[in-house]
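Got the viewer open? Here is a short tour, stop by stop, with something to select at each one.

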Amino acid sequence: LRVEGALGAGWASKVPTGVDNFIGWEANAGVIWTPKVFLDFELRLAHLALGDFYDWDEVNGGQDERPLDPWTVFANVKWIMF
């Protein structure tokens with residue numbers, strides 16, 4: 001059984017005047033179980049907290065409101081057969 005995790009942050013290299021360049025931070029985690037050689041069961045979770053960059057309506061497709069912070073959860077089976 002393995003547990004993995006990571007953190008990350010992003011900044012835009014170019015933005016118009018008056019817009020912050022902080023895109024946001026991400027945290028993700030995963031649990032991997034290997035019951036046999038070449039057979040993995042995974043459960044992963046990720047969350048992105050959007051930064052002030054998303055206050056800019058051009059980034060949001062012309063919408064005045066900023067989007068909600070996205071979440072992702074998925075399960076995966078990896079099985080390698082020869």
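**Stop 1: the aromatic rings**

Start by showing the side chains of Phe, Tyr and Trp: the structure holds four aromatic pairs. Keep in mind that this is a predicted model.

Select Trp33 and Phe41 to begin with. Their ring centres sit 5.7 Å apart and their planes make an angle of 25 degrees, so this pair counts as stacked; the cut-off for stacked is under 30 degrees. How exposed is Trp33? Trp33 is partly exposed, at 47% relative accessible area. Phe41 is partly exposed too, with 34% relative accessibility.

Now move to Phe53 and Trp56. Here the centres are 6.0 Å apart and the planes stand at 70 degrees, so the pair is edge-to-face. Is Phe53 buried or exposed? Phe53 is buried, with a relative accessible area of 12%. Add Tyr54 to the selection and you have one aromatic cluster, made of Phe53, Tyr54 and Trp56.

**Stop 2: the hairpin of β2 and β3**

Switch to a cartoon view and pick out residues 22–36, which are strand β2, together with residues 39–50, which are strand β3. These two strands run antiparallel and are joined by 11 bridges. Strands of a sheet pair through backbone hydrogen bonds, so turn on the backbone atoms here.

Next, click on Lys36: its bridge partner in β3 is Leu39. Two residues lie between the strands of this hairpin, and Phe38 takes a positive phi near 70 degrees there. For another rung of the ladder, select Ala27, which stands opposite His47 in β3.

**Stop 3: across to β4**

Stay with β3 and add residues 71–79, strand β4. How many bridges join β3 to β4? There are nine, and these strands also run antiparallel. Pick Asp40 to find one of the contacts across: its bridge partner in β4 is Lys78.

**Stop 4: the whole sheet**

Now colour all the strands. They make an open sheet of four strands in the order β1-β2-β3-β4, with antiparallel pairing. Which strands sit at the edges? The edge strands are β1 (2–11) and β4, each pairing on one side only. Look along the sheet and you can follow its twist, which averages 15 degrees from one strand to the next. While you are there, turn on side chains along a strand: in a regular strand they alternate between the two faces of the sheet.

**Stop 5: zoom out**

Deselect everything and take in the protein chain, which has zero helices and four strands. Along the sequence, the pattern reads β-β-β-β. Its radius of gyration is 18 Å, well over the 12 Å that the globule rule gives for 82 residues, so the chain is more spread out than a compact globule. Along the principal axes, the C-alpha atoms fill a box of roughly 55 × 20 × 20 Å.

Finish with a surface view. The protein chain exposes about 6,300 Å², and carbon and sulfur atoms supply 60% of that. Buried residues make up 21% of the 82 residues. If you display contacts between residues at least 6 apart in sequence, 48% of them join residues at least 24 apart.

Definitions and conventions: Residues numbered from 1 in each chain as written. Predicted model: local features only at pLDDT ≥ 70, side-chain atom pairs only at ≥ 80, totals over all residues. Heavy atoms only, no water. Phe/Tyr/Trp six-rings, centres within 6.5 Å; stacked < 30°, edge-to-face > 60°. Buried < 20%, exposed > 50% of the residue type's maximum accessible area, 1.4 Å probe, protein only. Pairing = 2+ DSSP bridges. Axes fitted to C-alpha atoms, helices over the stretch in contact; angles between N-to-C directions. Rg over C-alpha atoms; globule rule 2.2 N^0.38 Å. Contact = heavy atoms within 4.5 Å. Areas by Shrake-Rupley, 256 points an atom, 1.4 Å probe, with all protein chains shown as cover.
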